[in-house]
Amino acid sequence: MKDQRYAEAMLEFIEKSPSSFHAIKNMKAALKEQAFEELDETEDWHIKPGGNYYVSRNDSSIIALRIPEGSSWAGFHVTASHSDSPSFKVKEEPEIVVENRYIKLNTEKYGGMILSTWLDRALSVAGRIALWDQRRNEPVTRLVNIDRDLLVIPNVAIHMNRDMNKGVAYDPQCDMLPLFAEGTMERGRGRLLEELAKAAHVKKEDILAHDLFLYTREKGRFLGADREFVLSPRLDDLQCVYASLTAFLESNPQKYINVCAVFDNEEVGSATRQGADSTFLEDTLCRIAEGIGIGRGQLLAMIAGSFLISADNAHALHPNHPERSDPTNRPCMNGGIVIKYHGSQKYTTDALSAAKMKNICKRAGVPYQTYANRSDIPGGSTLGNLSVSHVSVQSVDIGLAQLAMHSAVETAGALDTEYAVRALKLFWQE
């Protein structure tokens, strides 16, 4: 098998990123290692040509920028991917006591996951908590991860449901609540806060609110006869996040301002202040332009000459169900960059943007393939068309081929992360 260092590093990144908040924290750490300067949306920005910067929003989305030296730029080269993955969000007052014996947690679906894949796995909780800062007189957040096997969503035994293998319609409020502890009514209330306080090294009574998600404790790994596949949680879309960030950090801009954007809440429609359907990208580009002395007209001219690559994973040909794929656009794992098309414009790819992407791949020595939904099966949406509704740039939608998208663990090609890094490096060094 070819060099798998990028795939190994990608799996390590995913393991350290059990929530969107942790993914952004890890991105910040990588940017700071290369002396990127953090910008604060609530303050004035003092930026200059030749500078490297990043700005985050809500702890869960980030935009990083590399500005070439000089005083004239052709436009922006942008990638967009997303930090979130389908999961279960923990509700307020989460403990439910069952017959004075068990404590389970009250959760709700976040995104369109394959429910059955979350059953009978070791799970835990990660996200952020909110505390009150008395000195600043405002809330502050702290990331938290209960880094141990904590929860399980138990299946019903086959003996209690003999029709189990004929298919089950899972009820999220009944069937999908995780078992947390033994306990009584008196002991149940506040148990999760106790665990969070221990993990975050704070007092239980100081925790005012939380954004918490379940995650599977299964670690990413290689499999296949030649270790040609990877099996991991959250490949959609942390595989593209990792590839984008790595290529961004390994490249130096020439004529274009490089922009690496990672948004939150793609799995639930992106219509949040930190999602792709917000003004985050537009706001950032406008403030960068203002900071380096670009007027409104020149900024619009630069945007017209810009290019956005929306990078969100794609469906691979399924070995057991090849009939689910389009007759002619059938990408496979380890087949390289997947260029995604949709007649109703859920993907932004058109002839011009596809030609540009194919040219990038050819010059980078990277294979590419194409994806389209079967005409009788509706597909999902992604980031590209939402981003360009706010910043009108030419755009292409790409991804890396994977199986079991939105499962608790997903399967992808061990070579495709490197292919994405190589193609995006060339894109950013033009």
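**Strand 7, its partners and its salt bridges**

Student: How many bridges join strand 7 to strand 10?
Tutor: This is a predicted model, in which local features need pLDDT of at least 70 and side-chain atom pairs count only at pLDDT 80 or more, while totals for chains, interfaces and linings use all residues. Residues are numbered from 1 along each chain as its sequence is written, and side-chain values use heavy atoms, with hydrogens and water left out. Strands (E, at least two residues) and helices (H or I, at least four) are DSSP runs numbered from the N terminus, and two strands pair if DSSP finds at least two bridges between them. Strand 7 and strand 10 (residues 209-216) run antiparallel, and the number of bridges joining them is eight.

Student: Which residue of strand 10 is the bridge partner of valine 125?
Tutor: Let's look inside that pairing. Strand 7 covers residues 123-133, and the partner of valine 125 over in strand 10 is leucine 214.

Student: How many of the eleven residues of strand 7 are buried?
Tutor: Buried means under 20% relative accessible area, exposed means over 50%, and partly exposed lies in between (1.4 Å probe, protein chains only). Strand 7 is mostly covered, and its count of buried residues is ten.

Student: Which residue of strand 8 stands opposite aspartate 133?
Tutor: Strand 8 (residues 138-145) also runs antiparallel to strand 7, with eight bridges between the two. Aspartate 133 is buried because its relative accessibility is 18%. Opposite aspartate 133 in strand 8 stands glutamate 138.

Student: Which residue has a positive phi in the hairpin of strand 7 and strand 8?
Tutor: Most residues other than glycine have a negative phi, and most peptide bonds are trans. This hairpin has four residues between its strands. One residue in the loop there is exposed, because its relative accessible area is 55%. With a phi near 55°, the residue you are after is asparagine 137.

Student: Is asparagine 265, which also has a positive phi, buried or exposed?
Tutor: Asparagine 265 has a phi of about 70° although it is not a glycine. Its place is in the loop between strand 13 (256-263) and helix 6 (280-291). Because its relative accessible area is 8%, asparagine 265 is buried.

Student: Where is the peptide bond that is cis?
Tutor: Look around helix 5 (residues 235-249), where aspartate 237 lies. With omega near 15°, the cis bond runs from aspartate 236 to aspartate 237.

Student: Which residue meets arginine 128 in a salt bridge?
Tutor: A salt bridge is a side-chain nitrogen of Lys or Arg within 4 Å of a carboxyl oxygen of Asp or Glu. Arginine 128 is buried, as its relative accessible area is 11%. At 2.8 Å from N to O, its partner is aspartate 211.

Student: How many residues apart in sequence are the parts that aspartate 211 and arginine 128 tie together?
Tutor: Asp211 and Arg128 also belong to a network of salt bridges with Asp59 and Lys89. Aspartate 211 lies in strand 10 and arginine 128 in strand 7, so the pair ties together parts whose separation in residues is 83.

Student: How far apart are the closest N and O atoms of aspartate 149 and arginine 217?
Tutor: Aspartate 149 is exposed because its relative accessibility is 53%, whereas arginine 217 is partly exposed at 23%. They form a salt bridge, and the separation of their closest N and O atoms is 2.9 Å.
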